[in-house]
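User: Could you walk me through one part of this model closely, the way you would at the bench with the picture open? I'd like the strands of chain A and how they pair, followed by how that ties in with whatever chain A touches.

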2 protein chains.
Amino acid sequence: MAKRLLLISNSTNYGEEYLGYTKPHIREFLGDKAREVLFIPYAGVSMSYLEYANKVKLVFKEMGFELKSIHEESNPKAAVAKAEAIVVGGGNTFHLVHMMHETGIMEPIRKKVEDGTPFIGWSAGSNVACPSLKTTNDMPIIQPSSFDTLGLVPFQINPHYTDGVIPNHNGETREQRIREFLEINPETQVVGLKEGTMLLVEGEKVLLIGSKTVKIIKKDQPTLEFDKNVNLDFLLK
Amino acid sequence: MAKRLLLISNSTNYGEEYLGYTKPHIREFLGDKAREVLFIPYAGVSMSYLEYANKVKLVFKEMGFELKSIHEESNPKAAVAKAEAIVVGGGNTFHLVHMMHETGIMEPIRKKVEDGTPFIGWSAGSNVACPSLKTTNDMPIIQPSSFDTLGLVPFQINPHYTDGVIPNHNGETREQRIREFLEINPETQVVGLKEGTMLLVEGEKVLLIGSKTVKIIKKDQPTLEFDKNVNLDFLLK
């Protein structure tokens, strides 16, 4: 079965409700392919896994899906093996990756999604679909055993991508940071995924969803900018 | 000899010249204790080590000091052992820490500075004076063998600290990120060091330099804010 991923930049647009803009797309993406999703809450740091799972459960319930959280499973690998769909929530990417390695679910999830089980991630959850966590915006609050992640797509996503900067502040722009990444990782391409947008990957096809453009950044090349009418399949090549 | 550190938030204030505001403080800090400094350029990613070292060398020359860059030394550990002062420049913290571990200079620098050799760092260079890199703002563009750093002070610095946010953007505030760090590292205190400020550590004494306040953030406690008239020695306890 073809690989299917919905890779979402962010849970919540500025001033909107939690997961609000994502709902029609999640509903359509899952369709009748799942009645229950397996939730990975390990990016959550400021609230308990239970609180986080309950918050997301409410939204999925509203869309017509049950939600089971992996932190309540005595055998996480078995839970992955049985999952009808896998949903990875945002939060701190380092904590998420640390826990995914620690619990041994990285490889089982990779295999399961390669075999056609739908995968949904937002923010940190989109980051881990990439080969590594190296294009996260998060603070490295914990050292994971490896920066390697699921590698379900060959490119890196920078979620919450923005050209905005903090006024009167001297940090790097996001694009400067990504170009630093490319100095060290010259073979990769980086997708700057703005808030309110997502990538739909189905087999060999990649579509942008949302009203904003996406930026594609490669070493020694000018940054490309596309809207949702452009075929992005080249990202998988 | 007492330990002496000048831990600077940032090289360049918004709209000012490179290292401009730091010069009188570096000059006074080094005084006649060094004629030549050993520069660590490993945070530099977008320019070569040579270009970076030359840029900093000009500024130190202007202040009356020679500068030798460690990347030109065939024996980096021996260069550290002979150094009259150590200067660690900003850039990407992950790259800096990766290279400091890779070249084996972490422990020699720690020992040398503990023994009284003056240490100056800005941005990533201040970060590595702390126990770990975990409060950096930088993108994890490379995986260092360890997040552990020099531990010359017992607290963590967040350089370029700001309460500002990107307008209409939904990322966490800096303080939220630091509070996430404290969830996982509850025993540590974090110093939010705003641009244009620095900490002067001499033996058991800590002073803030600069016209802005500093924020001290501890788990489950309200954030404290101090100006340069407040004794900060408690940070070393």
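Analyst: One bit of vocabulary to start: two strands count as paired if DSSP finds at least two bridges between them. Keep in mind too that this is a predicted model.

With that rule, seven strands of chain A make an open sheet, and reading across it gives E3-E2-E4-E5-E1-E8-E9, with mixed pairing. At the edges sit strand E3 (66-69) and strand E9 (205-209) of chain A, each of which pairs on one side only. Going from one strand to the next, the twist averages 20°. For a look at one pairing inside this sheet, take strand E4 (residues 86-88) and strand E5 (residues 119-122) of chain A, which run parallel to each other over three bridges. If you want a spot to click on, A:Ile86 is opposite A:Phe119 in E5(A). Helix H1 (residues 23-30) of chain A packs on this sheet. H1 touches strand E1 (4-8), strand E2 (36-40), E5, strand E8 (198-202) and E9 of chain A, and its direction makes about 170° with that of E1(A).

Just ahead of E1 in chain A there is a link worth finding. The side chains of A:Glu114 and A:Lys3 form a salt bridge, at 3.5 Å from N to O. A:Lys3 belongs to the segment before E1 of chain A and A:Glu114 to helix H5 (residues 106-114) of chain A, so the pair ties together distant parts of the chain, 111 residues apart. Over all chains, the salt bridge count is 34.

Now for the other sheet. Chain A also has an open sheet of four strands, in the order E6-E7-E10-E11 and again with mixed pairing. Its edges are E6 and strand E11 (224-226) of chain A; each has a single partner strand, so one side of each has no neighbour in the sheet. Here the twist averages 25° from one strand to the next. E6(A) pairs with strand E7 (residues 190-194) of chain A in the parallel sense, over four bridges. Within that pairing, A:Asn158 has A:Gly192 in E7(A) as its bridge partner. Lying across E6, E7 and strand E10 (214-217) of chain A is H7(A), which runs at about 165° to E6(A).

H7 and E6 come up again once you turn to chain B. Chain A puts 45 residues in contact with 46 residues of chain B. Between them the two chains bury about 3,700 Å², and 59% of that is on carbon and sulfur atoms. On the chain A side, A:Met139, A:Gln143 and A:Asn170 supply 18% of the area buried against chain B, more than any other three residues. There are zero salt bridges between chain A and chain B, but six residue pairs are in polar contact, both residues at pLDDT 80 or more. The elements giving two or more residues to the side of chain A that touches chain B are helix H4 (93-102), strand E6 (156-161) and helix H7 (174-184) of chain A. H7(A) gives the most, with seven residues. By type, the residues on that side of chain A come out as 17 nonpolar, 20 polar and eight charged.

Terms used:
Residues are numbered from 1 along each chain as its sequence is written. Chains are lettered from A and ligands numbered from 1 in the order in which they are written. This is a predicted model: local features need pLDDT of at least 70, side-chain atom pairs count only at pLDDT 80 or more; totals for chains, interfaces and linings use all residues. Side-chain values use heavy atoms; hydrogens and water are left out. Contact means heavy atoms within 4.5 Å. Buried area is the accessible area (1.4 Å probe) that two parts lose on being put together, summed over both. A salt bridge is a side-chain nitrogen of Lys or Arg within 4 Å of a carboxyl oxygen of Asp or Glu. A polar contact is a pair of N or O atoms within 3.5 Å; within protein, one must be able to donate a hydrogen and the other to accept it, and residues adjacent in sequence count only if both atoms are side-chain atoms. Ala, Val, Leu, Ile, Met, Phe, Trp, Tyr, Cys and Pro count as nonpolar, Asp, Glu, Lys and Arg as charged, and the others, Gly among them, as polar. Axes are lines fitted to C-alpha atoms, for helices over the stretch in contact, and angles run from 0 to 180 degrees between N-to-C directions.
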